[in-house]
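Colleague: I work at the bench and would like to learn how to read a model like this one. Could you walk me through it, feature by feature?

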Amino acid sequence: MLDLRLIMARLSFLSMAFFIAASSPAWAAPVEVYRGVLGKADVVMELGAPQADGARKGRYFYLRHGVDIPLQGRLDQLAEARPLTGELLEKKLDAGIAGAPMFEDAAQRQVIWRARLHGEALTGEWEDGIHGGRLPFRLERVAQYDPEKIAPRGVEAVTQAIVQGAGSGVAEGVAISMQDTPYDYLRVALPLEQGREVVVAPNLAWRPVRDVRTRFWYPRLTRHPDARMLAVANALLEQRHWAMSLQALACKSSIYESTGPEAGTLGYFDHEQIKLSYLSTTLMSVTESGSPSCGGAHPNNHFDPFTLDLLRGGYLDFSRLIKGYRHGLEGREYSPQLVDFIQKAVVGQSEHRDDKDCTEMLPDYMALMFEAPNQLGFVISGIGHARSVCLGSRVSLPFGKLKPMLKPEATRYLFPSAR
């Protein structure tokens, strides 16, 4: 169930002037994506269509950093935004300019791309008018797409603005791919640092991996008896990992637009905790938790579990396993019988718990997750900011004690050796 106060806060925010400090600029679609080298550095650039005066808006990043740098101007004098630090920050504050990048320092010096279009290639010279220096560049056009088709809208976009102030610019449900999101795909589809493999069984294992630029670890399956299922699960994990990395990089990119204290940082995404709580040949439960913030009204305090179905693929539909559970229009819904079952479990464990005040709010703010060894956790998730201290509080029951609430198909998942 959703917190009513959180819903009302979102609705009231919709009536305000909308703002979200995402890294991507406003475009006239479609935009063109270029990839190549600046000096010896690998870069990716995105440019919108020319305006009436020939000016264009865009952005680019160095692959080694992944941070968007805004661009604007005619192609032969494309100015690069300056980070809002030092004298430039003072100039912006004095001018009272908000939500827009600045393209020159206090002495009105600029960094300029002198570009020429040759067929599918941009070539020219990059001039650093602030520190001095010139570098040649050559970029090849690799894609064209419409950013408006992938942008978050409605409550999703407003929520990003409220809880952290910066978003990836890619809506939930949009696959990060070369076809749909070429600029962002090229930003995150890079080799990852590999952690130590954790072997659960001879045919079942996983390892943490991370993007060294965003620094948080995320799991990947390395062994599973079904090679197809291994690939399907890893594709889902990869998409979640990439989406979170894009949000972290968007916060770093906000140094070109925002004067907030988190601008230019990873927005605490580098403190995000991603934990694999359960893994069998049939199920994989993972939790994402932390408090990222990039200038919104409050941090995004969250504890979000999800479970992958390693028999059918995709996310697990708990309604196939648990009696009285279903996913309705307003989220997770529970029958009176399941609520009574959970409340009895809460009472049975409360006298030995330090978080009794939290667990008594189950099942009003509840998600399900599997935990080792062979337990199902009824965990507080999605609670309002004011009570976020309760996030992650739970009651856990061994599989054996769940039998009154299990459907026949649950045996395939919870007791695979009995099949």
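Modeller: Gladly! Let's begin with charged side chains: Glu46, Arg59, Asp68, Asp184 and Arg187 are linked in a network of salt bridges. Keep in mind that this is a predicted model.

Colleague: How many salt bridges does the count come to?

Modeller: The count comes to 25 salt bridges. The rule asks for a side-chain nitrogen of Lys or Arg within 4 Å of a carboxyl oxygen of Asp or Glu. Take Glu32 and Arg141, whose side chains meet at 2.7 Å, N to O. This pair links distant parts of the chain, with Glu32 in strand β1 and Arg141 in strand β8 (residues 134-145), 109 residues apart.

Colleague: Is Glu32 buried or exposed? And which class does Arg141 fall into?

Modeller: Here a cut-off helps: buried means under 20% relative accessible area, and exposed means over 50%, with partly exposed in between. Glu32 has 16% relative accessibility, so Glu32 counts as buried. Arg141 has 32%, so Arg141 counts as partly exposed.

Colleague: With which other residue does Arg141 form a salt bridge?

Modeller: With Glu120, where the closest N and O atoms are 2.9 Å apart. Arg141 lies in strand β8 while Glu120 is in the loop between β6 (111-118) and β7 (121-128), so the pair ties together parts that are 21 residues apart in sequence. Glu120 counts as partly exposed because its relative accessibility is 42%.

Colleague: Which side chain meets that of Glu409 in a salt bridge?

Modeller: That of Arg412, at 3.6 Å, N to O. You can try the accessibility classes again: Glu409 is at 19% and therefore counts as buried, and Arg412 is at 31% and therefore counts as partly exposed.

Colleague: Now the strands. How should I read the pairing of β1 with β2?

Modeller: Look for the bridges and the direction. Strand β1 (residues 31-38) and strand β2 (residues 41-47) run antiparallel, and seven bridges join them. As a landmark, find Gly36, which stands opposite Val43 in β2. Then follow the strands onward: β1-β2-β3-β4-β5-β6-β7-β8 make a closed barrel of eight strands, with antiparallel pairing. From one strand to the next, the twist averages 30 degrees.

Colleague: And how many helices and strands does the chain have?

Modeller: Eight helices and 20 strands.

Colleague: What should I look for in a nonpolar core?

Modeller: Ask which members touch the most others. The largest nonpolar core has 39 residues, and Ile322, Phe370 and Leu414 touch the most other members. The elements that give two or more residues to this core are α6 (336-350), β18 (366-371), β19 (375-380), β20 (394-398) and α8 (410-414). Apart from it lies another core, of 28 residues, with Leu38, Phe103, Leu139 and Ile255 among them.

Colleague: Which residues is Phe370 in contact with, leaving aside neighbours within four places in sequence?

Modeller: The list for Phe370 includes Tyr278, Leu283, Leu316, Phe318, Leu321, Phe399 and Leu414, and polar names such as Ser277, Thr307 and Gln375 are on it too.

Colleague: Which overall values should I note for the chain?

Modeller: Here are three. Buried residues make up 50% of the 419 residues. Of the contacts between residues at least 6 apart in sequence, 52% join residues at least 24 apart. Finally, the chain exposes about 19,800 Å², of which carbon and sulfur atoms supply 53%.

Notes
Residues are numbered from 1 along each chain as its sequence is written. This is a predicted model: local features need pLDDT of at least 70, side-chain atom pairs count only at pLDDT 80 or more; totals for chains, interfaces and linings use all residues. Side-chain values use heavy atoms; hydrogens and water are left out. Helices (H or I, at least four residues) and strands (E, at least two) are DSSP runs, numbered from the N terminus. Buried means under 20% relative accessible area, exposed over 50%, partly exposed in between (1.4 Å probe, protein chains only). Contact means heavy atoms within 4.5 Å. Accessible areas come from the Shrake-Rupley method with a 1.4 Å probe; for residues, only the protein chains shown count as cover. A nonpolar core is a set of buried Ala, Val, Leu, Ile, Met, Phe, Trp, Tyr and Cys residues joined through side-chain atoms within 4.5 Å. Two strands pair if DSSP finds at least two bridges between them. Axes are lines fitted to C-alpha atoms, for helices over the stretch in contact, and angles run from 0 to 180 degrees between N-to-C directions.
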